[in-house]
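Student: I'd like a close look at one thing, the pairing of oppositely charged side chains. Please walk me through it, with cut-offs included.

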There are 2 protein chains.
Amino acid sequence: MAEICEYCQIAGGYGDILFETPYWIIYLAPSQRYLGTCVVALKRHSKDLSDVKKNEWIDFGIIVTKLEHALEKVFKPTLYNWSCFKNSAFRSSKPNPEIHWHFIPRYKDEVDFENLRFIDQDFGYIPQPIKKEIPHKIQEKLKKAIIKHIII
Amino acid sequence: MAEICEYCQIAGGYGDILFETPYWIIYLAPSQRYLGTCVVALKRHSKDLSDVKKNEWIDFGIIVTKLEHALEKVFKPTLYNWSCFKNSAFRSSKPNPEIHWHFIPRYKDEVDFENLRFIDQDFGYIPQPIKKEIPHKIQEKLKKAIIKHIII
């Protein structure tokens with residue numbers, strides 16, 4: 001699995017699985033600086049997006065819609081950032097990058113969830129790779145809240 | 001067209017057109033902090049990636065391959081960053097975001113092009129939205145060098 005990715009902020013994995021499709025696995029990211037941040041990882045090992053095949057792109061498009069629509073129902077973010085960077089893998093002397101997307105909801109206004117306050121301090125600007133973990137129990141509730149609105 | 005996008009760094013457009021497809025237009029970005037940076041913009045106005053249709057995703061996948069393979073032949077970057085952020089549009093009181101992707105080649109080693117030296121000072125980390133314009137004549141040569149290797 002991945003090294004410590006700047007947005008994922010975890011060594012050895014991308015977090016808890018939310019759901020999966022024939023080609024991708026969707027995780028709730030360990031770092032929740034931006035509430036609802038997820039990772040969409042290609043199931044097979046591949047270095048560049050140019051390796052992604054037609055059916056994988058079609059499947060990815062469906063996942064994008066499922067995630068954006070689910071978050072819309074749970075927290076109504078203002079917009080969504082998507083990125084496939086893979087930078088951190090190249091800090092290693094033997095880079096072994098994997099294709100994984102960062103899905104980062106962004107919020108103009110603050111959001112309360114389970115008595116935790118989430119303020120997007122970088123709204124209007126690029127997301128910052130700063131780790132923010134939340135208590136395990138709240139992470140579990142967040143996972144359930146999103147899954148509930150994923151249309152399978 | 002877009003406001004001043006953080007990566008595009010231009011008001012009123014995304015740069016010079018490299019090529020277009022039925023659904024997307026591909027520009028050479030005005031800011032070349034990362035040599036070969038391009039913008040891939042959806043031709044129709046749309047706010048979220050969840051609006052992108054199946055045929056547009058398939059077409060986008062083909063563009064990804066064309067751009068990565070062309071850059072590979074011209075400058076051999078170490079990796080490629082892709083992102084669809086749209087943050088800057090939300091600094092406006094009346095946000096009117098458009099779907100556009102940033103294609104940002106990243107380089108472990110320095111590259112010389114037309115006697116200009118390009119050093120990726122942020123290699124291994126997220127790309128920084130810092131403007132770097134190059135002389136118009138060199139921008140034109142860069143455009144031609146990339147187009148030459150785009151397989152239509």
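**Salt bridges, one at a time**

Tutor: Happily! R117(B) and D112(B) are both exposed, a label for residues with over 50% relative accessible area, while buried means under 20% and partly exposed lies in between (1.4 Å probe, protein chains only). This is a predicted model, in which local features need pLDDT of at least 70 and side-chain atom pairs pLDDT 80 or more, whereas totals for chains, interfaces and linings use all residues. Residues are numbered from 1 along each chain as its sequence is written, chains are lettered from A and ligands numbered from 1 in the order in which they are written, and side-chain values use heavy atoms, leaving out hydrogens and water.

The side chains of R117(B) and D112(B) meet in a salt bridge, at 3.8 Å from N to O; the term asks for a side-chain nitrogen of Lys or Arg within 4 Å of a carboxyl oxygen of Asp or Glu. Over all chains, a search of the whole structure gives 20 salt bridges.

Now over to chain A, where R44(A) pairs with E56(A), their closest N and O atoms lying 2.6 Å apart. This salt bridge links distant parts of the chain: R44(A) sits in the loop between β3 (38-42) and α1, E56(A) in helix α1 (residues 54-74), and 12 residues separate them. Helices (H or I, at least four residues) and strands (E, at least two) are DSSP runs numbered from the N terminus. E56(A) is buried, at 5% relative accessible area, but R44(A), at 29%, is partly exposed.

The loop between β3 and α1 of chain A also holds D48(A). D48(A) forms a salt bridge with K86(A), at 4.0 Å from N to O. Here, too, distant parts of the chain come together, since K86(A) belongs to the loop between β4 (79-84) and β5 (100-106) of chain A, 38 residues away from D48(A). Both partners count as buried: D48(A) has a relative accessibility of 13%, and K86(A) has one of 4%. The pair is also part of something wider, as salt bridges with shared partners join K47(A), D48(A) and K86(A) into one network.

So the picture runs from R117(B) and D112(B), both exposed, through E56(A), buried, with its partly exposed partner R44(A), to D48(A), which is buried, and K86(A), buried as well.
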